Amino acid sequence: PTPCQHHPPHPKMRRAGNVDGMRWTTRATWVRIVVLACVDMGAAGIWFGVRQMVNVDNDAQALALTILFIALPLLTIAVAAWDGVRDGFSLLWLLAPFVCFLPPMFLFFGDSALKYGACYAVFGLVANVLGALLHRSGSY
């Protein structure tokens with residue numbers, strides 16, 4: 001017999017990946033993170049396509065700023081809150097928005113946009129915490 005057979009699981013370990021109500025992994029969370037990565041890449045790709053078709057720099061810059069300051073933060077907040085409401089708090093949302101923003105940042109915006117990825121991570125974590133509060137209270 002292995003030592004695990006003689007010792008019951010720790011009472012705070014409710015299921016794999018869940019410690020003290022904090023979730024590290026669920027398939028649904030990973031799917032939502034992939035959705036966020038695809039949306040980030042898609043939004044940046046749309047900006048890049050419009051920039052290539054329209055030679056007016058002001059319009060392309062306005063669209064880029066709209067994507068960076070409005071669209072991507074709102075999408076990050078929506079997906080992270082959705083995950084929190086559905087599955088509770090996950091510490092993955094501290095890094096996931098930042099990591100999801102890295103490919104479009106390097107491909108389309110340049111490394112000067114790195115600070116926005118850090119802001120998205122903060123927005124994602126706060127939104128996930130607020131969603132998890134709704135999940136915990138059962139009022140969703």
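**Group meeting: a walk through the model**

Okay, so the chain has five helices and three strands. This is a predicted model, so keep that in mind as we go. Reading from the N terminus, the order is α-β-β-β-α-α-α-α. There are 140 residues, and 32% of them count as buried. The accessible surface is about 8500 Å², with carbon and sulfur atoms making up 71% of that. And if you take contacts between residues at least 6 apart in sequence, 73% of them join residues at least 24 apart.

Now, let's look at Asp-40. You'll find Asp-40 in helix H2, which covers residues 27-53. Does Asp-40 sit buried or exposed? Asp-40 is buried, and it has no salt bridge. The nearest side chain of opposite charge belongs to Arg-32, and that's 15 Å away. So which residues does Asp-40 touch, once we skip neighbours within four places in sequence? Those are Leu-72, Pro-97, Cys-100, Phe-101 and Pro-104.

Next up, helix H5, residues 114-137. Why do we expect a span of 34 Å here? Because H5 has 24 residues, taken at 1.5 Å a residue. The end C-alpha atoms are 35 Å apart in the model, which agrees.

Which residues of H5 are buried? We've got Gly-117, Tyr-120, Ala-121, Gly-124, Ala-127, Asn-128, Gly-131 and Ala-132. As background, an α-helix has 3.6 residues a turn, so residues three or four places apart point the same way. Keep that in mind when you scan down the list of buried positions in H5.

Last thing: just past the end of H5, Gly-138 takes a positive phi, about 75°.

How values were computed
Residues are numbered from 1 along each chain as its sequence is written. This is a predicted model: local features need pLDDT of at least 70, side-chain atom pairs count only at pLDDT 80 or more; totals for chains, interfaces and linings use all residues. Side-chain values use heavy atoms; hydrogens and water are left out. Helices (H or I, at least four residues) and strands (E, at least two) are DSSP runs, numbered from the N terminus. Buried means under 20% relative accessible area, exposed over 50%, partly exposed in between (1.4 Å probe, protein chains only). Lys and Arg count as positive and Asp and Glu as negative; His and the chain ends are not counted. A salt bridge is a side-chain nitrogen of Lys or Arg within 4 Å of a carboxyl oxygen of Asp or Glu. Contact means heavy atoms within 4.5 Å. Accessible areas come from the Shrake-Rupley method with a 1.4 Å probe; for residues, only the protein chains shown count as cover. The expected span of a helix is 1.5 Å times one less than its number of residues.
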